[in-house]
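Hi,

Here is the model we talked about, with my notes underneath. Have a look at it first, then read on.

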Amino acid sequence: PRDGRRGCALVDVLPSGPATHFLSWAWGYSLMTVVLALRHWCQESQMDAMQTFIWICFFCNNQERILKEKTKEGSDDLESTFQSRLQSIGRVLVLFDQWSKPAYLTRVWCIFETFVAARASISYTLIFPPESSKSLHETLQRGMHLEVTKDWSSIDVGQARASRPVDEEKVKGLITRTSSFEEVNTVVKSHLVGWFKKQFEVIFEKGVQEGLSSSGCPHCAAKEEELAMLRAQLQER
């Protein structure tokens, strides 16, 4: 352990390197959800797993000290510790367990992390377990984009919770001192919808390239017109 005492953080006994990404996730997720989502993202993004190091609070913070000795990690020193760490790493992975009613948007830590990333213009990627990612793509391909954004647009950090009441109190206290619940809700909603717009464009442009050409195809022409309408609707959100 770095402090020379028994009971160390997991990062002290596992192979590691300088963090390349910061993982924003909810403690209520199952281990399988986290592992599958990270593996899926790594494969889809063609990341070199041997050169990718993800900062995850569960592994990097000493849970022994936090839980038994109430040391200053977690919600303590938010501005000097958490925000500086997020900015020094420079890339954030936001893990949704599912696209419909994601648990992430009910957790105050998660919403706050996304807010900090958005306000600091930090690179931001939304990741899902494989089945959730597949379901999202199928939903978008059916043109049901409003089904996705309606849940993402109902963010309310004032009603969000944390695993420890003291964390909820401290995070919300920082928000009220430096910003407002309304601003956090607006910024996070805008950030998520912005990411969604990009995914929408990628998925449907791919569909056009794979055969939805309007030349000599009434069905394809109708599909392209539908895409134009969907883009216009998204621009209004």
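How many bridges join strand β1 to β2? Two, and the strands run parallel, with β1 covering residues 21–24. Keep in mind that this is a predicted model.

The two pairs are easy to find: His-21 sits opposite Ile-54 in β2, and Phe-22 has Trp-55 of β2 as its bridge partner. To get from β1 to β2 the chain passes through α1, and this β-α-β crossover is right-handed.

On to the other neighbour of β1. Strands β1 and β3 are also parallel, paired over three bridges. One residue to check there is Ser-24, whose bridge partner in β3 is Val-94.

As for the side chains of β1, His-21 and Leu-23 point one way, while Phe-22 and Ser-24 point the other way. All of them are buried.

Now zoom out to the whole sheet. It is open, built from four parallel-paired strands in the order β2-β1-β3-β4. The edges belong to β2 (54–55) and β4 (123–127), each of which has a single partner strand, so one side of each lacks a neighbour in the sheet.

Last, the helix: α1 spans residues 31–44 and lies across β1, β2, β3 (91–95) and β4. Relative to β3, α1 runs at about 130°. So this one helix is worth displaying together with the sheet when you open the file, as α1 is also what the chain goes through between β1 and β2.

Cheers

Methods:
Residues numbered from 1 in each chain as written. Predicted model: local features only at pLDDT ≥ 70, side-chain atom pairs only at ≥ 80, totals over all residues. Heavy atoms only, no water. Pairing = 2+ DSSP bridges. Contact = heavy atoms within 4.5 Å. Axes fitted to C-alpha atoms, helices over the stretch in contact; angles between N-to-C directions. Buried < 20%, exposed > 50% of the residue type's maximum accessible area, 1.4 Å probe, protein only. Right-handed = clockwise from strand over helix to strand, strands pointing away.
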